Amino acid sequence: MRDDVAHKAVKCPVCAAAMTQRNPDWWHVCGACGMQASTLQPAFDDTPMEEMFDWEQRETAFAPLRQANAEKLLDRLEKVAPPPARLLDVGCAEGWFVQAACARGYEVQGLEPDERMARKADKTLNIRAGFFPDALGRAEGFDIIVFNDVFEHLPDVRAAMRACEKHLAPKGILVINFPNALGGIYRLSCVAARLGFSGPFRRMWQQDYPSPHLTYFTPATLLTLAESAGLGEKCRFALPAMEPAELWARIRCDRSRSLAYSIAAWTSVMGAMPLLAMMPSDISVQMFAKTARNGPARRRKKNPEVS
Ligand SMILES: [Zn+2]
């Protein structure tokens with residue numbers, strides 16, 4: 001069991017105000033800007049991942065939606081930054097997005113901090129083991145930097161955003177695909193936690209996973225952080241967060257869950273579907289571009305492209 005740093009004052013990574021500690025005690029919310037963060041501790045080396053999940057079930061559960069979403073994301077990216085272009089995929093895991101981007105004609109470099117995962121990748125893919133940005137050369141530059149479900153796991157998002165600006169070419173594009181704190185599933189999990197059922201909320205933060213979520217952004221808080229590093233918004237859009245047909249496999253891939261819990265979870269989520277359909281998706285994508293350095297701050301678009 002990891003030791004959670006729960007009683008330390010936490011500074012908001014977006015606006016630097018002191019955050020308020022909530023229940024559970026590792027959850028912190030900024031009263032000034034609404035940013036949410038956790039003091040959960042990553043435990044890459046001592047969590048037996050092989051025992052936690054049924055990997056085959058997990059692949060069945062996540063692969064189809066993940067691949068469909070990758071293609072939708074690439075459709076949008078091609079309009080903003082067409083191939084060929086140098087693309088860095090940070091936290092690329094076994095390289096599913098690297099492969100999809102290569103197929104579109106991008107020149108792709110994958111970066112994966114978990115060496116076991118990097119070793120599992122197809123050897124024909126260009127994947128390097130290491131952390132962002134330490135594993136990059138000082139002058140190494142990219143036209144596109146992509147974070148797919150990775151940014152919320154980083155311990156220092158301000159430093160990461162500055163590093164993105166530094167490693168992007170002059171007209172470079174940063175793509176962040178992240179769990180949206182305004183998403184229906186997340187907000188319903190907050191309500192359930194207040195009623196005493198904190199399981200879904202803890203799951204949304206990936207508590208007790210090897211690499212839990214350390215931040216929970218909304219599109220507005222992510223934009224504020226990007227602007228502080230000299231990046232402006234190009235567009236934002238949502239991707240579907242769940243396919244009802246895959247829900248059972250998703251619930252069952254976590255071996256710690258009993259059959260009774262799984263049935264209760266499946267019934268609750270299916271029952272909430274009509275409500276979820278009216279709320280924002282839990283997966284949000286934002287694209288940012290470098291603004292002119294030392295020049296006048298570019299005015300924020302009133303209505304960035306939204307769909
Ligand atoms: Zn704040």
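This is a dialogue about reading a zinc site, salt bridges and a helix in a predicted model.

Biologist: Which residues hold the zinc ion in this model, and through which atoms?

Modeller: The protein donors are the SG atoms of C12, C15, C30 and C33, and they lie 2.3 Å from the zinc ion. Along the sequence, these donor residues follow the spacing C-x2-C-x14-C-x2-C. C12 sits in the segment before β1 (20–21), while C33 belongs to the loop between β2 (27–29) and β3 (36–38), so the pair ties together parts that are 21 residues apart in sequence.

Biologist: What is the arrangement of the donor atoms around the zinc ion?

Modeller: The general idea is that four tetrahedral donors have ideal angles of 109.5 degrees at a metal. Here the 4 donor atoms subtend angles of 101 to 119°, which makes the arrangement around the zinc ion tetrahedral.

Biologist: Is C12 buried or exposed, and what does C33 count as?

Modeller: C12 is buried, with a relative accessible area of 3%, whereas C33 counts as partly exposed at 29% relative accessibility.

Biologist: How many salt bridges does the structure hold?

Modeller: As a general idea, side chains of opposite charge can pair when their charged atoms come close. This structure holds 9 salt bridges. One of them joins the side chains of R116 and D114, with 3.5 Å from N to O; in that pair R116 is partly exposed, with a relative accessible area of 34%, and D114 is buried, with 12%. The side chains of E233 and R236 also meet in a salt bridge, at 2.8 Å from N to O, and E233 counts as buried at 11% relative accessibility. Elsewhere, salt bridges link E71, D75, E78 and R104 in a network.

Biologist: How are R119 and E115 placed in helix α4?

Modeller: An α-helix has 3.6 residues a turn, so residues three or four places apart point the same way. R119 and E115 are 4 residues apart in helix α4 (residues 115–120), and are therefore separated by about one helical turn. Their side chains meet in a salt bridge, with 4.0 Å from N to O. R119 counts as exposed at 56% relative accessibility, and E115 also counts as exposed, at 51%.

Biologist: Which residues are buried in helix α3, and what phi does G105 take just after it?

Modeller: Within helix α3, which covers residues 96–103, the residues W96, F97, V98, A100 and A101 are buried. Just after α3, G105 takes a positive phi of about 100°.

How values were computed:
Residues are numbered from 1 along each chain as its sequence is written. This is a predicted model: local features need pLDDT of at least 70, side-chain atom pairs count only at pLDDT 80 or more; totals for chains, interfaces and linings use all residues. Side-chain values use heavy atoms; hydrogens and water are left out. Buried means under 20% relative accessible area, exposed over 50%, partly exposed in between (1.4 Å probe, protein chains only). Helices (H or I, at least four residues) and strands (E, at least two) are DSSP runs, numbered from the N terminus. Donors are N, O and S atoms within 2.8 Å of the metal (3.2 Å for Na, K and Ca); water is not among the atoms, so sites may look incomplete. Four donors count as tetrahedral if all angles lie between 85 and 135 degrees; four count as square planar and six as octahedral if opposite donors are over 155 degrees apart and all others between 65 and 115; anything else is irregular.
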